[in-house]
Amino acid sequence: MDASIRDADKKPYRKRRGRKNPPISRAGANAFSMEHVIGARASFGFLDSDRMGFLKERVMRLLEDYGVMIVHPQAKKALLKAGAREGIEAGRLKMPRALIKEALAQTPKSTTLAGKARQFDVPLPRPDSGFILRTGTGGHGYIDPRDASYRNMDLTAASEIAAVADSLDQVGFIAHPFVHGVPEVTADIHSYARISAGTRKHVWMQPYQKENIDYLLKIAAIAAGGEEQLRSRPSTSTITCSFSPLEFKYMDTEVIIACGKYGVPVHACSLPSAGGTAPLSAPSLTLMAVAEIVGMITMAHVLSPGLPIIATPLMFALDMRTGSALQSSVEAMQAASLSIQMVKHGYGLMAHTYGSGSDTPDADHQSMSERALLMQTVALSGADIMGGVGQLECATVFSPVQAVLDNEIGAMIRRFLRTPELNDEALNFGEMMQVAVGGHFLDSNHTVTGCRDQFVPHIFQRKGRDDYEASNRRGAFEEARDDALKAIANASNEEILDEAQRTEIAALTTAADRHIVEVYSGNVEMI
């Protein structure tokens with residue numbers, strides 16, 4: 001017999017009859033605080049070591065024997081100097097295996113996404129092996145939380161997104177949407193400026209034109225307090241995208257070069273669609289995305305050595321009946337899991353993908369089902385960042401109410417990933433060995449301690465039928481709507497940037513309108 005059990009037999013447990021100093025309740029972890037229980041992260045994946053090795057070899061073969069299309073002259077010249085070889089057509093470069101391995105080995109495996117204040121800094125990877133959420137980006141539509149009406153995204157909506165996202169404790173950083181009511185070619189500048197003035201958190205930048213990159217980085221520097229502050233504490237990070245299949249536009253290559261000057265982390269993003277810009281299977285979709293990301297990592301290693309790169313596969317699958325892109329179909333979810341396994345566990349990179357979102361246009365039952373399944377799947381696969389908070393209709397619409405609901409799902413998934421402790425104390429085994437017939441554990445010391453660590457939802461409801469009917473059937477959606485409206489009502493942008501910063505950003509935005517609209521003279525529309 002185990003010694004601890006023998007000891008338990010000799011020392012009967014005393015039931016709890018009250019305490020002068022009960023244990024202090026522990027707050028749950030969020031985007032900016034760590035779990036107090038540190039252990040292995042629960043995991044799931046379709047790839048074992050052999051299957052992952054097979055895919056990694058195919059990534060190498062694709063880049064080494066076929067290559068990628070690069071149109072940026074400076075990048076092409078630098079890569080050729082580093083050992084790349086001309087491919088079968090003009091502009092296509094084959095990347096040598098040795099260079100790819102060197103890039104993967106030397107690319108930083110950690111970074112910090114800084115906030116405007118240190119309490120909003122996000123270390124990647126997290127010391128507790130957890131994750132953070134981020135809001136959806138690029139959405140053209142907005143669902144007003146007041147009456148659920150739909151309209152085109154505008155600057156007022158961007159301000160409201162910043163206000164709501166700034167209040168969500170699981171959201172580590174905020175992406176700017178696509179706004180109407182401004183010149184199309186500077187929509188990113190207007191939106192980024194508005195979001196930057198509305199949050200204390202890190203902001204994700206998405207340039208829309210090559211001329212816009214410098215303006216966006218200058219706004220980031222102003223919001224950070226100066227160029228040196230931005231270099232030392234990058235409070236923005238930038239997306240650079242491949243143009244599937246296996247091409248890289250001038251603008252996205254320029255992003256890597258420009259961000260290298262500031263040390264601003266880059267999210268190397270691939271957005272292939274199974275059946276469209278990638279073959280129609282989850283493994284081949286994964287291969288396309290990972291090959292493009294490894295290609296961008298190799299480019300960054302040559303063009304901006306030491307730049308933090310966050311691998312960001314955003315997976316889509318075409319509905320072959322309609323041609324619509326889907327982000328929450330079974331096939332897209334499976335590919336998301338595969339790709340995160342590859343970049344996180346296969347290459348040891350920081351990993352980012354959609355962890356929320358739905359293909360339905362509204363925050364309805366389908367939306368909740370799809371996003372809960374997606375978030376759990378990619379969280380178990382090892383994602384450091386899970387994006388798409390608040391997004392609907394395959395990342396084209398933003399709903400603040402859905403964002404609040406997503407925050408709740410994120411808190412639940414964070415707790416779900418915590419691997420339970422397994423020993424006799426955690427099992428309360430000694431007391432189980434002595435429980436009387438008809439006994440209970442309500443007043444056990446073990447229960448008193450553990451009850452303070454249970455997950456308690458903020459939005460999701462646990463009321464009984466009588467209370468539910470008495471509240472006029474008020475549920476989680478109504479709670480989330482009220483939270484969103486409260487955050488919007490309480491927002492005060494004046495506390496985030498000072499008047500000088502706001503004035504300087506406004507002047508820079510006006511200058512960008514004059515300059516960039518002139519560059520595209522005759523081709524610019526107000527949207």
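**Exercise 1. State how confident the predictor is in this model, and where the coordinates call for caution.**

Solution. The average pLDDT (the predictor's confidence in each residue, from 0 to 100) of the protein is 92, and 94% of the residues score at least 70. Over residues 1-19, however, the pLDDT is below 50, although this stretch has 26 contacts (heavy atoms within 4.5 Å) beyond near neighbours in sequence. Where pLDDT is low, the predicted coordinates should not be read in detail. Because this is a predicted model, local features need pLDDT of at least 70 and side-chain atom pairs count only at pLDDT 80 or more, while totals for chains, interfaces and linings use all residues. Residues are numbered from 1 along each chain as its sequence is written, and side-chain values use heavy atoms, with hydrogens and water left out.

**Exercise 2. Trace the barrel and find a helix that packs on its sheet.**

Solution. Begin with the strands, which like the helices are DSSP runs numbered from the N terminus (helices H or I, at least four residues; strands E, at least two). Eight of them close into a barrel with parallel pairing, in the order 6-9-10-11-13-15-18-19, where two strands pair if DSSP finds at least two bridges between them. As one example of a pair, strand 15 (residues 309-313) is joined by two bridges to strand 18 (residues 350-354), and alanine 311 stands opposite alanine 351 in strand 18. Helix 13 (residues 400-416) packs on this sheet, touching strand 6 (132-135), strand 9 (171-175) and strand 19 (385-389).

**Exercise 3. Explain which strands of the open sheet lack a neighbour on one side.**

Solution. The open sheet has four strands in the order 2-3-1-12, with mixed pairing. Strand 2 (85-86) and strand 12 (247-248) stand at the edges with a single partner strand each, so one side of each is left without a neighbour in the sheet. Strand 1 (residues 68-70) pairs with strand 12 in the parallel sense over two bridges, and methionine 69 stands opposite glutamate 247 in strand 12.

**Exercise 4. Describe the burial of helix 5 and of serine 304.**

Solution. Ten of the 13 residues of helix 5 (residues 155-167) are buried (under 20% relative accessible area, with exposed over 50% and partly exposed in between, for a 1.4 Å probe and protein chains only), among them Leu155, Glu160 and Asp166. Aspartate 154 caps the N-terminal end of helix 5, with a side-chain oxygen 3.3 Å from the backbone nitrogen of threonine 156. Turning to the loop between helix 10 (282-303) and strand 15, one finds serine 304, which is buried with a relative accessible area of 7%. Not counting residues up to four places away in sequence, serine 304 touches Ile256, Ile257, Gly260 and Met299.

Notes:
Axes are lines fitted to C-alpha atoms, for helices over the stretch in contact, and angles run from 0 to 180 degrees between N-to-C directions. A polar contact is a pair of N or O atoms within 3.5 Å; within protein, one must be able to donate a hydrogen and the other to accept it, and residues adjacent in sequence count only if both atoms are side-chain atoms.
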